[in-house]
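Please walk me through this structure in the viewer, stop by stop. At each stop, tell me what to select and what is found there.

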Amino acid sequence: MQPLAISHYSIVNCLGAGSQAILNALRERRSGLTPCDFETAALDTYIGRVPGIEEARVRPDLVAYDCRNNRLAELGLSLNGFAGAVTAARDRYGAARIGVFMGTSTSGILESELAFRRRNPQTGALPPDFRYQGTHNTCSLAEFVRCYLELKGPAFVVSSACSSTAKVFGSAARMIATGVCDAVVVGGVDTLCLTTLHGFHSLELTSHGPCRPFDKERDGISIGEGAGYALLERAEDQTGEGATLLLGVGESSDAYHMSTPHPDGLGAKLAMQRALDSAGLAPADIDYINLHGTATRTNDAAEDAAVRGLFGTDTACSSTKGATGHLLGAAGITEAIISILAIEHDLMPGSANTRDVDPDLKSRYLLASREARVRRVLSNSFGFGGSNCSLVLGAASVPSR
């Protein structure tokens, strides 16, 4: 594929609001996970909660979209000068030439959960102020972002569980390559809800403490919430000193099991290989891998097998979910932006909460954050049902080896 410039980005999650807050936390190997105190979910687990969302409201002209998911979406759009950067792009290309491709897994389902509490006791009817299309429906997020940024190009939502906001990068690359768009806003949001918390708990996949990816005592995930966005444009139009590029995208579906990856990581390995092929790179060209690293027994073992099968044991890697929690549909964009921060600041993030790496996992897993030359990063996002996506990101100017 032709490289695309990531000309601007924005991020918010339990580590803080804005790229500097996230960078500081990664350097300090700090976690934002806290004991679960969300709504009525009395569960023995930890979550990654963004404070203040309950009291926030969306912009008055977008009140039909008001829900937790879109409140967090708006917070993300307001950070790091992102909305202003999109306005400048709109002036360059025209509102109809900029696409909006979002990802989410549960969208505003919390709004439906709360509405069901208020059903009419006689008829069972939902309250008249409940707005399904503007809140719960997955299309709500793309519509909200499109309206907020005053864009008129193609817009849609990808909902493929934990790979959702990685796959939108592939959609953007195809739409720009075919001439449908000149630029694309990619990203997405997932917020805490009772369905997710109780659902993963019922599957016995939630950790009793803060999650510990690749740890020998790992016992499950910690669910978090967050938002992230990136503005993609043709590299020849926007590549300047210090720019970061989307170099490759690889997708696969192993369809091994609804909630368990292939034990040998076959689908994960195929996604990584396709990403490298798309970028025209070899495994040795990657300096750091941001793992999917959910901290479940089977997922970490399968990913380790896939990474070792393709990269051997020399390439540094880690999961940042011990810091942010698993952001589900927002994990892909979050970890892509963390990968960009790694490139921009020559940082390989250590694994928050992980104490003793499982001796059965043989990848070169980093416990401590370290300063090191980072020119190219592979970022993995693997979803339920084997819906996999890997991204290759890199600095615009890379010296030959």
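The tour below goes from a helix pair to two loops, then to salt bridges and cysteines.

**Before starting**

This is a predicted model, in which local features need pLDDT of at least 70 and side-chain atom pairs count only at pLDDT 80 or more, while totals for chains, interfaces and linings use all residues. Residues are numbered from 1 along each chain as its sequence is written, and side-chain values use heavy atoms, with hydrogens and water left out.

**Stop 1: two helices**

Select residues 164-177, helix α7, and residues 331-345, helix α13. Helices here are DSSP runs of H or I with at least four residues, strands are runs of E with at least two, and both are numbered from the N terminus. Two packed helices are described by the angle between their axes and the distance between the axes. The axes of α7 and α13 come within 4 Å and cross at roughly 75 degrees. α7 is therefore roughly perpendicular to α13. Axes are lines fitted to C-alpha atoms, for helices over the stretch in contact, with angles from 0 to 180 degrees between N-to-C directions. Angles under 35 degrees count as roughly parallel, over 145 as roughly antiparallel, 65 to 115 as roughly perpendicular, and the rest as oblique.

Now show the side chains. On α7 the contact (heavy atoms within 4.5 Å) is made by Thr165, Ala166 and Phe169, and on α13 by Ala331, Gly332, Ile333 and Ala336. These residues divide into five nonpolar, two polar and no charged. In this scheme Ala, Val, Leu, Ile, Met, Phe, Trp, Tyr, Cys and Pro count as nonpolar, Asp, Glu, Lys and Arg as charged, and the others, Gly among them, as polar.

**Stop 2: the loop between β11 and α11**

Select Leu291, in the loop between β11 (288-290) and α11 (297-311). Leu291 has 1% relative accessibility and so counts as buried. Buried means under 20% relative accessible area, exposed over 50%, and partly exposed in between, with a 1.4 Å probe and protein chains only. Leaving aside neighbours within four places in sequence, the contacts of Leu291 include Phe214, Glu303, Val307, Tyr365 and Asn380. For a distance check, pick Phe382: its C-alpha is 9.5 Å from that of Leu291, with the two positions 91 residues apart in sequence.

Go on to Ala295, in the loop between β11 and α11. Its phi is near 80 degrees, a positive value in a residue other than glycine. Ala295 is buried, at 0% relative accessibility.

**Stop 3: Ser107 and His136**

Select Ser107, in the loop between β5 (98-103) and α4 (109-117). Ser107 has a positive phi of about 50 degrees although it is not a glycine. Its relative accessible area is 2%, so Ser107 is buried.

Add His136, found in the loop between α5 (132-135) and α6 (139-149). Not counting residues up to four places away in sequence, His136 touches Thr106, Ser107, Gly108, Ile109, Ser112 and Arg131. His136 counts as buried at 19% relative accessibility.

**Stop 4: salt bridges**

Side chains of opposite charge can pair when their charged atoms come close. The rule used is a side-chain nitrogen of Lys or Arg within 4 Å of a carboxyl oxygen of Asp or Glu, and it gives 23 salt bridges.

Select Arg174 and Glu251, whose closest N and O atoms are 3.2 Å apart in a salt bridge. This pair links distant parts of the chain, 77 residues apart: Arg174 is in helix α7 and Glu251 in strand β10 (residues 244-253). Arg174 is partly exposed at 45% relative accessibility, and Glu251 is partly exposed at 22%.

Next select Glu54 and Arg49, which meet in a salt bridge at 2.5 Å, N to O. Glu54 is partly exposed, with a relative accessible area of 29%. Add Asp37, Arg68 and Glu225 to see a network of salt bridges that links them with Arg49 and Glu54.

**Stop 5: cysteines**

How many disulfides does a search of the whole structure find? With a disulfide taken as a pair of cysteine sulfur atoms within 2.5 Å, the search finds zero. Select Cys36: the nearest cysteine sulfur, that of Cys193, is 11 Å away. Cys36 counts as buried, at 15% relative accessibility. Then select Cys139, for which the nearest cysteine sulfur, that of Cys147, is 11 Å away. Cys139 is partly exposed, with a relative accessible area of 27%.
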